[in-house]
Amino acid sequence: MQRQIVESTSIKSLGYDPEEEVLEVEFQSGGVYQYIGVPRDAYTGLLAARSKGRYFGEFIRLRYHYEKIR
């Protein structure tokens, strides 16, 4: 999955597969996680958020099943 670099102190890059509704998050710490069943609106909200870390924590982190891939 292609990820794009974002401006954030906690998140390095984001990628999204709209067909599978999978959000891929690479953290500044180096970990990469995939969040399953994330609707496009949540992804676009994350991209547009002034504080991506805060948005992620509030609207994605504990709401969707995830797996660590790296």
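**A salt-bridge network around strand 3**

At 29% relative accessibility, R3 is classed as partly exposed, and in this predicted model the residue takes part in two of the contacts described below, one with E24 and one with E26. A search of the whole structure returns three salt bridges.

In the pairing of R3 with E24, the closest N and O atoms are separated by 2.5 Å. This salt bridge links distant parts of the chain, since R3 belongs to the segment before strand 1 (4–5) whereas E24 lies within strand 3 (residues 22–27), 21 residues apart. E24 has a relative accessible area of 5% and is therefore buried, the cut-off being under 20%.

R3 also meets the side chain of E26 in a salt bridge, with an N to O distance of 3.3 Å. Because R3 is placed in the segment before strand 1 and E26 in strand 3, this pair ties together parts of the chain that are 23 residues apart in sequence. With a relative accessibility of 10%, E26 likewise counts as buried.

E26 forms a further salt bridge with R70, in which the closest N and O atoms lie 3.4 Å apart. Here E26 is again the strand 3 partner, while R70 is found in the segment after strand 5 (66–68), so that the contact ties together parts that are 44 residues apart in sequence. Through shared partners, the salt bridges join R3, E24, E26 and R70 into one network.

Notes. Residues are numbered from 1 along each chain as its sequence is written. This is a predicted model: local features need pLDDT of at least 70, side-chain atom pairs count only at pLDDT 80 or more; totals for chains, interfaces and linings use all residues. Side-chain values use heavy atoms; hydrogens and water are left out. A salt bridge is a side-chain nitrogen of Lys or Arg within 4 Å of a carboxyl oxygen of Asp or Glu. Helices (H or I, at least four residues) and strands (E, at least two) are DSSP runs, numbered from the N terminus. Buried means under 20% relative accessible area, exposed over 50%, partly exposed in between (1.4 Å probe, protein chains only).
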